[in-house]
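Reader: I'd like to go through some labels and see what backs each one up. Can we take them one at a time?

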Amino acid sequence: MINTIKKYLEEVESFTSQKTEDVEQFRIKYLGKKGILNDLFQKFKEVPNENKKEFGQLINNLKQSVAQKINTLKENVGESANVGLQEDLTRPGLALNLGSRHPINIVKHKIINIFKKIGFSVADGPEIEDDWHNFTALNMSEYHPARDMQDTFFIEKNPDRVLRTHTSSVQIRYMEQNEPPIRILSPGRVYRNEDISSRSHCMFHQIEGLYIDTDVSFADLKQTLQYFTSELFGKSEIRMRPSYFPFTEPSAEVDVYWGLETETDYRITKGTGWLEILGCGMVDPNVLKNVNINPEKYSGFAFGMGIERIVMLMYQIGDIRIFTENDIRMLQQFKYEF
């Protein structure tokens with residue numbers, strides 16, 4: 001037993017560390033409730049009387065050595081921690097590695113801020129939708145051919161639950177719960193069963209707008225979109241081509257004049273100078289009836305665009321897949337975009 005204590009004394013003398021956690025573990029090992037010293041004091045009763053004096057002296061020596069060692073090490077650790085305080089406090093600190101916003105979020109917030117200036121607010125809704133809000137209320141009955149335009153991911157059948165194919169479902173939910181005047185944007189992720197390529201993806205982002213009030217006309221729609229393209233692209237010349245959407249009538253595709261100043265301009269506009277950016281139209285009266293809004297009193301317009309397409313145009317990104325690859329090298333390019 002005496003030899004064991006002598007080994008503990010040698011261990012205490014040789015122990016050293018510059019880490020606070022190591023010193024604390026050393027203290028617990030010897031001075032804790034279940035530590036070595038507590039255990040030795042318990043065994044003191046079992047030591048023969050002729051050895052108790054020597055045994056007791058060794059235990060006390062061990063206790064004092066442990067206390068002195070702990071105090072010395074704590075002082076050394078404290079001095080190490082304060083080394084920085086003794087240096088030049090005016091010296092520049094270490095540079096922080098700043099993160100960046102995703103380009104889709106950058107453009108999304110730019111679009112939202114543009115429309116907020118003219119009174120639009122943001123509305124949100126679920127990404128898993130029912131048939132009514134995703135199709136039927138938008139003037140697409142069960143066997144309507146327009147449903148073929150949107151290859152859908154079904155979560156379950158009877159009743160149908162789908163991953164929303166557009167954010168128009170948010171507009172339906174909002175109109176069901178609010179009365180005109182209504183002026184909202186509905187940004188968010190949408191899903192369609194499309195082949196993934198450099199120009200298309202099964203998951204992408206949309207932002208749609210809706211304005212419902214009395215005496216809303218197609219002229220109001222055109223003026224709103226002219227303001228939007230001028231603010232976002234710095235290009236105000238647009239044209240509207242007749243198109244078809246089941247939830248608007250009349251409907252149109254909107255092109256902005258991009259120009260033909262560079263080789264890239266020729267490529268992305270196919271040599272025409274015009275670039276399609278969104279679809280729009282006057283809200284179909286049947287849609288208003290479906291949400292209990294009187295189409296005899298109210299009218300409105302709606303528009304929608306894919307955010308990825310806008311981002312690809314603004315930053316000359318040639319592959320849509322790069323947005324979901326989480327490549328830090330691509331994201332770092334947008335570190336100073338706000």
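Author: Sure, here come the labels, with the reasoning behind each. Keep in mind that this is a predicted model.

Reader: Let's begin with charge pairs. Why is the contact between R239 and D255 called a salt bridge?

Author: The closest N and O atoms of R239 and D255 are 2.8 Å apart. The cut-off is 4 Å between a side-chain nitrogen of Lys or Arg and a carboxyl oxygen of Asp or Glu, so the pair qualifies. R239 sits in strand β7 (residues 238-245) and D255 in strand β8 (residues 248-257), and the pair links distant parts of the chain, 16 residues apart.

Reader: What makes D255 buried or exposed?

Author: D255 has a relative accessible area of 2%, and buried means under 20%, so D255 is buried. Its partner R239 comes out at 34%, which lies between 20% and 50%, so R239 is partly exposed.

Reader: Which residues share a network with that pair?

Author: Salt bridges with shared partners tie R239, R241, D255 and E276 into one network. A search of the whole structure turns up 11 salt bridges.

Reader: How do you know how exposed D327 and R329 are?

Author: These two form a salt bridge as well, with their closest N and O atoms 2.8 Å apart. D327 has 21% relative accessibility, and the buried class needs under 20%, so D327 counts as partly exposed. R329 has 61%, and exposed means over 50%, so R329 is exposed.

Reader: On to the rings. Why is the pair F245 and F247 called stacked?

Author: The count comes to 11 aromatic pairs. In one of them, F245 and F247 lie 6.2 Å centre to centre, with 15° between the planes. Centres within 6.5 Å make a pair and planes under 30 degrees apart make it stacked, so both tests are passed. Both F245 and F247 are buried, too.

Reader: Which residues form the aromatic cluster?

Author: F115, F120, Y211, F228, F301 and F303 make up one cluster.

Reader: And the surface: what makes R267 eligible for a patch of positive charge?

Author: Patch members need over 30% relative accessible area and no salt bridge. R267 has 59%, so the area test is met, and with exposed meaning over 50%, R267 is exposed too. R267 belongs to helix α9 (residues 263-268), and the patch gathers R199, R267, K270 and R309.

Conventions. Residues numbered from 1 in each chain as written. Predicted model: local features only at pLDDT ≥ 70, side-chain atom pairs only at ≥ 80, totals over all residues. Heavy atoms only, no water. Patch = residues over 30% accessible without salt bridge, like charges linked within 9 Å, V, L, I, M, F, W, Y side chains within 5 Å. Areas by Shrake-Rupley, 256 points an atom, 1.4 Å probe, with all protein chains shown as cover. Lys, Arg positive; Asp, Glu negative; His and termini not counted. Charge placed at Lys NZ, Arg CZ, Asp CG, Glu CD. Helix = DSSP H or I, 4+ residues; strand = E, 2+ residues; numbered from the N terminus. Buried < 20%, exposed > 50% of the residue type's maximum accessible area, 1.4 Å probe, protein only. Phe/Tyr/Trp six-rings, centres within 6.5 Å; stacked < 30°, edge-to-face > 60°.
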